[in-house]
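Me: Got a minute to walk through this model with me? I'd like to talk about packing and empty space.

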Amino acid sequence: MSDSTPEMPIVVLDALMPTEQRLVLSRRGSTVWEVDGPRGHYAVKLGYPIEATEEWPAQPWTALAPAREAAVLHRLGSGEVAYGEWERGTWNFQPWHEGPDLYQIWEPCRRRGSSIAPHYSVALGCVEALAELHVRGWAHGDVQPAHFIIGPVRTHLIDLALARGGQVPESYDFPFRGCLVHYEAPEIARSVLDTGEAEPTQEADIYALGASLLISATGWRAVEYPDDAPRAVQREAVANGRRRPVKAPGELGDLVDAMLSHAPEDRPTIYEVGKALS
């Protein structure tokens, strides 16, 4: 596979007629643009398979992720989304959400010697965004700080390609094989280690939200393992519950500690988290 960034498919260019476009992300299996044009302000996502290397197995599912995400968004009632196929995978475009993500907006809290405390309204906005998904019977499956966009009016939860809770087209579906290990719940990590797959749950989303709040507020991961540890070693540490003590300030620390409980049934629900914050 070439290291060059793929071009936006002609069908997308024809639909959006960009007057401005900015490459946001180009990594193994995924490319994202921010696009402005007469139709509006959109995010364009392009997926393609990850080929096998010495360090990584092949990951063909990344080619299907944009179409699967768009199908999920349609199921959730989002009309401003389109998707289709290109020669190496699938694409989608969806409304662009302006604003910093959770990790960015709490950056001042993490500065050495900072006396700035994480603002509870930011955390509550993240909780409300996740609650909207949970009340519809869905689990996100990939909760992480970068997926909470803190907008001027409300917080948006993005990147729903791994979400579970309703039917999606079989041709675009694929098994859930975990997410970023920093935010994987112990039961998810254990299942992936044992079987190669797992089932996203709302309880696992709560753990991931707690880990997201913790790392955004303090810079510390929930679980201790070497930065360069292989993914299987990271997952083993998570599955075995090798958690660091939670040192988030004030009542947020107690809440995050409960959200990071090893047993899913010991974690608060999203509604209980919201009540505690408000």
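Reply: Sure. One term up front: contact here means heavy atoms within 4.5 Å. And keep in mind that this is a predicted model.

Me: OK, with that in hand, what do the buried residues of H10 pack against?

Reply: They pack against helix H5 (120–135), H7 and helix H9 (250–259).

Me: And which residues of H10 are buried?

Reply: H10 covers residues 270–277, and its buried residues are Ile 270, Val 273, Gly 274 and Leu 277. Looking down the axis of H10, these buried residues fall within an arc of 100 degrees, so they line one face of the helix.

Me: Why would that spacing give a face?

Reply: An α-helix has 3.6 residues a turn, so residues three or four places apart point the same way.

Me: Makes sense. How many residues are in the largest nonpolar core, and which have the most contacts inside it?

Reply: It has 61 residues, and the ones with the most contacts inside it are Trp 106, Phe 148, Leu 209, Leu 213, Leu 260 and Leu 277. The elements that give two or more residues to this core are helix H2 (65–75), H5, E6, helix H6 (186–195), H7, H8, H9 and H10.

Me: Which one gives the largest share?

Reply: That's H7, with ten residues.

Me: Zoom in on Trp 106. What does Trp 106 touch?

Reply: Not counting residues up to four places away in sequence, Trp 106 touches Pro 118, His 119, Val 122, Ala 123, Leu 213, Ser 216, Ala 217 and Leu 252. There's also a second, separate core of twelve residues, which includes Val 12, Val 35, Tyr 48 and Phe 93.

Me: Switching to loops. Where is Arg 221?

Reply: Arg 221 is in the loop between helix H7 (202–218) and helix H8 (231–239).

Me: Is that arginine buried or exposed?

Reply: Buried: the relative accessible area of Arg 221 is 12%, and the cut-off for buried is under 20%.

Me: What's around the side chain of Arg 221?

Reply: A polar atom of the Arg 221 side chain lies 2.4 Å from the backbone oxygen of Tyr 225. Leaving out residues up to four places away in sequence, Arg 221 touches His 182, Leu 214, Ile 215, Pro 226, Asp 227 and Arg 244.

Me: And Pro 145, where does that one lie?

Reply: Pro 145 lies in the loop between H5 and strand E6 (148–150). Pro 145 is buried too, with a relative accessible area of 4%. Its contacts, leaving aside neighbours within four places in sequence, are Asp 101, Leu 102, Tyr 103, Tyr 183, Ser 212, Ile 215 and Ser 216.

Me: How far apart are Pro 145 and Leu 214?

Reply: They are 69 residues apart in sequence and 9.7 Å apart in space, C-alpha to C-alpha.

Me: What about Thr 62, buried or exposed?

Reply: Buried, with a relative accessible area of 7%. Thr 62 lies in the loop between strand E3 (40–47) and H2.

Me: Which backbone oxygens does the side chain of Thr 62 reach?

Reply: That of Tyr 48, at 2.6 Å, and that of Gln 59, which lies 3.0 Å from a polar atom of the Thr 62 side chain. Not counting residues up to four places away in sequence, Thr 62 touches Gly 29, Gly 47, Tyr 48, Pro 49 and Ile 50.

Me: On to empty space. How many cavities of 30 Å³ or more are there?

Reply: One. The largest cavity has a volume of about 80 Å³. It is lined by 14 residues, and those nearest its centre are Gly 141, Cys 179, Ile 188, Ala 204 and Asp 205. H7 supplies the largest share of that lining, three residues.

Me: And the second largest pocket, what's its volume?

Reply: About 440 Å³. Of the 19 residues that line this pocket, Leu 73, Leu 76, Glu 132, Arg 154 and Leu 157 are closest to its centre. The elements giving two or more residues to the lining are H2, strand E5 (89–95), H5 and strand E7 (155–157). H5 gives the most, with three residues.

Me: Last thing, backbone. Which residues other than glycine have a positive phi?

Reply: Among them are Met 17, with phi near 45 degrees, and Asp 159, with phi near 60 degrees. Met 17 lies in the loop between helix H1 (10–16) and strand E1 (20–27) and is partly exposed, with a relative accessible area of 49%. Asp 159 is in the loop between E7 and H6.

Technical notes. Residues are numbered from 1 along each chain as its sequence is written. This is a predicted model: local features need pLDDT of at least 70, side-chain atom pairs count only at pLDDT 80 or more; totals for chains, interfaces and linings use all residues. Side-chain values use heavy atoms; hydrogens and water are left out. Helices (H or I, at least four residues) and strands (E, at least two) are DSSP runs, numbered from the N terminus. Buried means under 20% relative accessible area, exposed over 50%, partly exposed in between (1.4 Å probe, protein chains only). A polar contact is a pair of N or O atoms within 3.5 Å; within protein, one must be able to donate a hydrogen and the other to accept it, and residues adjacent in sequence count only if both atoms are side-chain atoms. The arc is that of the directions from the helix axis to the C-beta atoms. A nonpolar core is a set of buried Ala, Val, Leu, Ile, Met, Phe, Trp, Tyr and Cys residues joined through side-chain atoms within 4.5 Å. On a 1 Å grid over the protein atoms alone, a cavity is a set of points where a 1.4 Å probe fits but cannot get out, and a pocket is an open set with protein on both sides within 12 Å along at least five of seven lines; lining residues have an atom within 4 Å of a point. Grid points are joined across faces, edges and corners, and a volume is the space filled by probe spheres set on the points.
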